[in-house]
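User: I want to learn how to read pockets, cavities and helix faces in a model. Can we take them in turn?

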Amino acid sequence: MKKKINYSCIQSLKETGAPVIIVTLPEEVEAMINACRDNNIVVAAVCDNETRKTQKNYFGLEVIHTPTLPKRFPKARLIIAYHNIEDCVDQLSRLGYDDFYSPLELLKNYDVSKHSHRLSQSYMQNKILINMKSHELYFDETKTYMRSLDVMITAKCSLKCKSCANLMQYYVDAKNTDHEIFSALDRLNNNVDAIDEFRIIGGEPLMNKQWANIINGILEQDANRKIFIYTNGTILPKDDQLESFNGKNVNFYITDYGKLSSNIDKLEQSLKKHNIGYRRELADNWVDCASIRKHNRTVKENELVYKECCAKKLYTLLNGKLYTCPFIANAANLKAIPDNKADYVDLLINTDDLRKKLTRLIKMPKFFPACDFCDGRPVDPTTALMYDGVGMV
C-alpha cells in the first residue's frame, strides 16, 4: 500500500508554499520545532486534538484545535509528530488535507546537546529515538511493532483516584502483579519485531518492593531497552536502588499531584544526584473511562469507540497476558468482564501460532469484545462521536 506521508521533508518545507503545521504535541515536539528553526523552516502553528492544549502558545507558536484547523489554514503542509500516524493521517485527510511529512529527516541529525529543553537531555534523546523508530517502521508494513509496552508490576496505589482510568479504585485487596514477567517478556520479544519503550506502571510501581530488581531484570534480558517509570511522587526510592541504574537507560515520569505528591521534590533531587533522566508534569486532567458496564452497542458503534480511543495502543502486560489497553487488562484481571480470549494473548501458554496471535492483537483495525464494556476514551470528549463517560476529570 502506498504511504501517504513523505519520507523526506527538509527541502520541500524550506520552499515557499502552504503554511507548515506540526500535528500534535508529544514530549519530543520541542525538538522538532528546534530542528525546523535550525533548517530555516518556518512553522506557522501547532495543532492538537485536546482542547485544553490550545489555551496557550507552545514555544511561541499558536496551538490550534485540530478539528478547526481548516478554518484557519485551508491549505497546509503537515508534519506528523504523533506516533499513531495512521490515525492522524485519517483525520486530517477527512478534513481535506493531503500534504503530509514525517519528521524523520529533521530528527536524524538533531543534536540534543546543542539545545536546551524542558525535559532532561537524556529523557529527550530517548523520546526522539522512539519517535524516529515509530516513523521508520510506519514505512515497513512487514513489521509487527509496539511503540510502548506498559509492564504493570502492582495494583497497589498510594493515591487511588476515584476516577482512575486504569481502574485501580476497584481493587479491594490489591497485590503485586509481577507474575512471570521475565518469561512473558522473553516470549513477546521473540515474536515481535520491535518494542521501543518499556513503561513500568502500577498502581504506584514503587509500592512493589522488588521494583528496582524487576527493572534490572528487564534490562538484563536486553541492555538496550528504554525504561520509563511512571510514579506519583509519593515514595522516595533508596539511594542503592537508584545507584543500580548507573549507566542504564532508565527514566522517570513523575506526575505532580501537589501536596499529595509528598516526596516529589526529594525524588527530583535524587534523580539529579544520580544523573537519571526524568520528566515532572503537573496532574492536569484525563478523560473519564472509569465505569465498567455493558453497553450492547452495534458493531459500527464499537468500531467508532475503538477508532476514537486514545489508549488503544497502550499495550499492557499483566500477569503474563498482553492486552491492547489498561482498561481491558484491569477489567479482565478484576473479573469484571467475561473472559474472552479475543481480548488478549496469553504469553505463558505454548502455542505454535503465537506470532500470528500477537500480530492480530497489535494490528487490530476494528475493536475488541471488551470495548463494549468501556465508556470510551477519546482524546477530546467534547468532540467525540461515541462516548458515554462524564467528560474530563
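Analyst: Start with a term. Helices and strands here are DSSP runs, at least four residues for a helix and at least two for a strand, numbered from the N terminus. Note that this model is predicted.

User: Which strand and which helix each supply at least two residues of the lining of the second largest pocket?

Analyst: Strand E14 (344–346) and helix H13 (354–362) do. Among the lining residues are Tyr344, Val345, Asp346, Leu354, Lys357 and Arg360. The lining divides into 5 nonpolar, 1 polar and 4 charged residues. The space in this pocket is about 250 Å³.

User: How is empty space found, and how many cavities of 30 Å³ or more does the structure hold?

Analyst: Rolling a probe the size of a water molecule over the atoms shows where empty space is left. The structure holds 1 cavity of 30 Å³ or more. The largest cavity has about 140 Å³ of space. Of its 16 lining residues, Cys309, Cys325, Phe327, Cys371 and Cys374 are the closest to its centre. By class, the lining has 12 nonpolar, 2 polar and 2 charged residues. Helix H12 gives the largest share, 3 residues.

User: Now helix faces. Which residues of H10 are buried?

Analyst: Buried means under 20% relative accessible area. In H10 (residues 264–273), these are Ile264, Leu267, Glu268, Ser270 and Leu271. They lie on the same side of H10 because they cover an arc of only 165° around the axis.

User: What do the buried residues of H10 pack against, and which exposed residues does the face turned away carry?

Analyst: The buried residues pack against strands E9, E10 and E11 and helix H9. The face turned away carries Gln269, Lys272 and Lys273. After H10 comes Asn275, with a positive phi near 55°.

Notes. Residues numbered from 1 in each chain as written. Predicted model: local features only at pLDDT ≥ 70, side-chain atom pairs only at ≥ 80, totals over all residues. Heavy atoms only, no water. Buried < 20%, exposed > 50% of the residue type's maximum accessible area, 1.4 Å probe, protein only. Arc of directions from axis to C-beta. Contact = heavy atoms within 4.5 Å. 1 Å grid on protein atoms, 1.4 Å probe; cavity = no way out; pocket = protein on both sides within 12 Å on 5 of 7 lines; lining within 4 Å. Points joined across faces, edges and corners; volume = space filled by probe spheres on them. Nonpolar A, V, L, I, M, F, W, Y, C, P; charged D, E, K, R; others polar.
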